[in-house]
Amino acid sequence: MRTLISMLFFFSISWVSAQEGIKIVSDYPGGNILVHEITKDTVRVSPDLSETNGEWFYWNFKITGIQGKTITFKFDSFKWEQIFSKFGPAYSINNDNTWKWYGEQGVGKKSFTYSFTEQDTTAYFSMAFPYTEKDLNKFLSGLRYRESILMDTLCISPEDRAIEKLIIKPGVGEPSYKVLITARHHACETMASYELEGIVQSILNERGLDYLRNNVEFMIIPFMDKDGVENGEQGKNRDPRDHNRDYSGDPIHNSTATLRNIIPEWSQGKLKIALDLHCPLLKGEHSEYIFLVGSPFPKTEKNQLQFTKLLEENTIGELSFYKKYFLSFGVRWNVANSYSKGDSFTAWAAKLPDVSLSTSLEFPYANVSGTMISKDGAREFGKAIAYSIKDYLLLLEKNALNSSGQKEKKDKKN
Ligand SMILES: [Zn+2]
């Protein structure tokens, strides 16, 4: 009898859980979704475009009440075809960190279907692998030689969050050079953060990068639009102008205002490289390879081309980089009209008196020349960037030595 009662109890519990309704939320860091309709096996959603001018494609939600169900996710109210990558959406089942790509099979232009098992209680779906402050902290706390990073604050965001500023200095003596690296001027561009992890990790750990550890001071701002990152906003085309159009006239964002203010003094004549990490569109002909965005200034462009050569040589991981994809100024979207709301970070940095290389680098969300991006693949590419920074500075040093050597000879002659 006792067994019968407990069996009945078990079945009633199972029935209740199987009948649990589908629930979708985005009330966590990086979450973004508008829910239009939920039925037994279909949900209709679209990206939340608050604060954004026009359409963009960042979305990231959590769904529960899914056990044993096959659910179709429809984004049919969204007009643009930028909604899934070539490899579909990204997802993580029963937690928010084991992210995978859905894959090319079974993804429609604006919908996909997922069959959950009886063990699946919670799932996260997003257009790419998310990355917020929580991920940065996890990365930093697990890092070998993390004591070499000075954790500082650039400024406090309008919503009262600390905007991280990481400083890595040579262990002994004064640096010969300084390098400034920024990311997430556009909050949605999450994959750039994995690339940044690879850069930081390589500066601290790579055997072949002693030169950087001995000679270079880095300032790294992982989240220029910190509130946007945590709130799950697009950030790109933020109204009235986004963080990467806030580098001329009076700044309207406090992170850009602070950076513009402190960098000339921090440089002390040593800031040689200013690198800004971005992601392009989600998919399409010109958004599925890694490329540098050409400067309108000929001298800067020449130095960018030098850097792309080094980066091509140093890229030996699973993701490829080809210098032929360099996006010259005047081509496609890289035209004066795209910067009508204000100067970009790189336009501003290129005008700083000591900077030699000012560039932004576009790293895709999912597909690099046919290869699916993994977190480790992105970090591996970050390593190639770190080696290229070293090679670029060595080249600068060599050129500087050559010119001072020539000067010496000339002086002797005289
Ligand atoms: Zn961007």
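In this predicted model, Asp152 stands opposite Lys165, a residue of strand 11. The two strands around this pair are strand 10, which covers residues 149–156, and strand 11, which covers residues 162–168, and they pair in the antiparallel sense over seven bridges. Strand 10 and strand 11 form a hairpin with five residues between the strands, and in that hairpin Asp160 takes a positive phi near 75 degrees. When following such strands by eye, it helps to remember that in a regular strand the side chains alternate between the two faces of the sheet.

Further along the chain lies the zinc site, where His186 and His278 each offer an ND1 atom and Glu189 offers OE atoms, with these protein donors lying 2.0 to 2.3 Å from the zinc ion. Along the chain, the donors follow the spacing H-x2-E-x88-H. Both His186 and Glu189 are buried. The arrangement of the four donor atoms counts as irregular because the angles they subtend around the zinc ion run from 58 to 146 degrees, whereas a tetrahedral arrangement would need all angles to lie between 85 and 135 degrees.

Stepping back to the whole protein, the secondary structure comes to nine helices and 18 strands. The C-alpha trace spans about 110 × 45 × 40 Å along its principal axes, while the radius of gyration is 24 Å, which agrees with the value near 22 Å that a compact globule of 414 residues would have. Of those 414 residues, 53% count as buried. Among contacts between residues at least 6 apart in sequence, 76% join residues at least 24 apart.

Methods:
Residues are numbered from 1 along each chain as its sequence is written. This is a predicted model: local features need pLDDT of at least 70, side-chain atom pairs count only at pLDDT 80 or more; totals for chains, interfaces and linings use all residues. Side-chain values use heavy atoms; hydrogens and water are left out. Donors are N, O and S atoms within 2.8 Å of the metal (3.2 Å for Na, K and Ca); water is not among the atoms, so sites may look incomplete. Four donors count as tetrahedral if all angles lie between 85 and 135 degrees; four count as square planar and six as octahedral if opposite donors are over 155 degrees apart and all others between 65 and 115; anything else is irregular. Buried means under 20% relative accessible area, exposed over 50%, partly exposed in between (1.4 Å probe, protein chains only). Two strands pair if DSSP finds at least two bridges between them. Helices (H or I, at least four residues) and strands (E, at least two) are DSSP runs, numbered from the N terminus. The radius of gyration is taken over C-alpha atoms; the globule rule is 2.2 Å times the number of residues to the power 0.38. Contact means heavy atoms within 4.5 Å.
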